Amino acid sequence: MEVKQHQRVATVSANGKVKGIWNGTATITATAKDGSGMKTYCKITVKQTFIATPMVTKMALSNTKTVKITWTKSAKATHYQVYRSTNSNSGFKRIATVKGTSYTNKNLTAGKTYYFKVRALKKAKSGKKTYSGYSTAKPVKMSAVKPRSTAVLLSGRATTATILCLPNPSPTATKW
C-alpha cells in the first residue's frame, strides 16, 4: 500500500496510524501495490486545542522559607503545573499540579535563589492532556533575615507587627 498525504496537516505511519500535526484538512490516498490500480481516499480535518501560556505575575515572600507564586489564567486550562529549579536554564522539576492560579511553596532554604515557571494543561474527559508552553522562568531570592516582631504605634494604639526586611531592590533606591 502506498500512502500519499499532506504532511503539514497529518502523517500516516507504516501501519496506517494517522497523526494530526497542524490545523487543516488533508486527503490521504492509499494505492494498492499489487498492480490492480485500486485506490482509496480518506479526508481528515485536524482541529487542535491551543492553550495560552500563563505568565508569572507575582512572587511574594511571606517569610524566609515560603514564597507564593501567582500567574495569569489561561482560557481552556483545567490545571497548572508548577516547576522549580536553582538554575535559571535547567534542572526544573515539577513540584505541584493545581487548579487555581497560585501556589505557595514552603520549606525553602533561606538566602537561596530559586527559579519558577508554570505551564497550563487541559485534561479532557477522555483522559487526553493538552499542554501550553512554559512561562518564562522567574527568580526569587529567599530572604536570609528572619522576620521579627516589634512593638509599633498605629493610630495611637500600641500593637505588635511582624516585619520582614528584604535586600534593597535597587542600588540607587534611597527608601524602602
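## A briefing on cores, rings and two buried polar residues

Leaving out residues up to four places away in sequence, H79 touches T97, V98, K99, R119, A120, L121 and K123. Please keep in mind as you look around that this is a predicted model. The mean pLDDT of the protein chain is 81, with 77% of its residues at 70 or more. Below you will find notes on H79, the nonpolar cores, the aromatic rings, S132 and the low-confidence stretches.

**H79 and its surroundings**

- H79 belongs to strand β8, which covers residues 79–85.
- With a relative accessible area of 14%, H79 falls under the 20% limit and therefore counts as buried.
- The side chain of H79 also makes a polar contact of 3.0 Å with the side chain of T78.

**The nonpolar cores**

- As a general background, nonpolar side chains tend to be buried together in soluble globular proteins.
- Here, the largest nonpolar core has 18 residues, and V67, I69, W71, Y80, Y103 and F116 are those with the most contacts inside it.
- Two or more residues of this core come from each of β7 (66–71), β8, β9 (93–98) and β11 (113–123).
- β11 provides the largest share of this core, with four residues.
- V67 makes a handy starting point for a tour: neighbours within four places in sequence aside, V67 is in contact with M59, A60, L61, Y103, T104, N105, L108, F116, V140 and M142.
- Another core, of seven residues, lies apart from this one, and its members include A10, I28, I44 and V46.

**Aromatic pairs**

- The count of aromatic pairs comes to two.
- One of them joins W71 and Y80 in a tilted arrangement, at 5.7 Å centre to centre and with 55° between the planes.
- W71 and Y80 are both buried.
- In the pair of Y83 and Y134, the ring centres are 5.3 Å apart and the planes meet at 80°; that angle is over 60 degrees, so the pair is edge-to-face.
- This pair links distant parts of the chain, since Y83 is in strand β8 and Y134 is in the loop between β12 and β13, 51 residues apart.
- The partners have their own burial values: Y83 is buried, at a relative accessible area of 8%, whereas Y134 is partly exposed, at 40%.

**Charges over rings**

- K117 lies over the face of F92, at 4.2 Å from the ring centre.
- R119 has its charged end over the ring of Y131, 3.9 Å from the centre of that ring.
- R119 is also among the residues that H79 touches.

**S132 in its loop**

- S132 is found in the loop between β12 (129–131) and β13 (138–141).
- Is S132 buried or exposed? S132 is buried, because its relative accessible area of 8% is under 20%.
- Its side chain reaches the backbone nitrogen of A120 at 2.8 Å.
- Neighbours within four places in sequence aside, S132 is in contact with I51, A52, T53, P54, R119 and A120.
- The C-alpha atoms of S132 and F50 are separated by 7.1 Å, although these residues are 82 apart along the chain.

**Where confidence is low**

- The chain has a mean pLDDT of 81, but over residues 1–5 the pLDDT is below 50.
- Beyond near neighbours in sequence, the stretch 1–5 has 19 contacts in the model.
- Residues 170–176 also have a pLDDT below 50, and this stretch has five contacts in the model beyond near neighbours in sequence.

Methods
Residues are numbered from 1 along each chain as its sequence is written. Side-chain values use heavy atoms; hydrogens and water are left out. Buried means under 20% relative accessible area, exposed over 50%, partly exposed in between (1.4 Å probe, protein chains only). A polar contact is a pair of N or O atoms within 3.5 Å; within protein, one must be able to donate a hydrogen and the other to accept it, and residues adjacent in sequence count only if both atoms are side-chain atoms. Contact means heavy atoms within 4.5 Å. A nonpolar core is a set of buried Ala, Val, Leu, Ile, Met, Phe, Trp, Tyr and Cys residues joined through side-chain atoms within 4.5 Å. pLDDT is the predictor's confidence in each residue, from 0 to 100. Rings of Phe, Tyr and Trp (its six-membered ring) pair if their centres lie within 6.5 Å; planes under 30 degrees apart count as stacked, over 60 as edge-to-face and the rest as tilted. A charge sits over a ring if NZ of Lys or CZ of Arg is within 6 Å of the ring centre and within 35 degrees of the ring normal.
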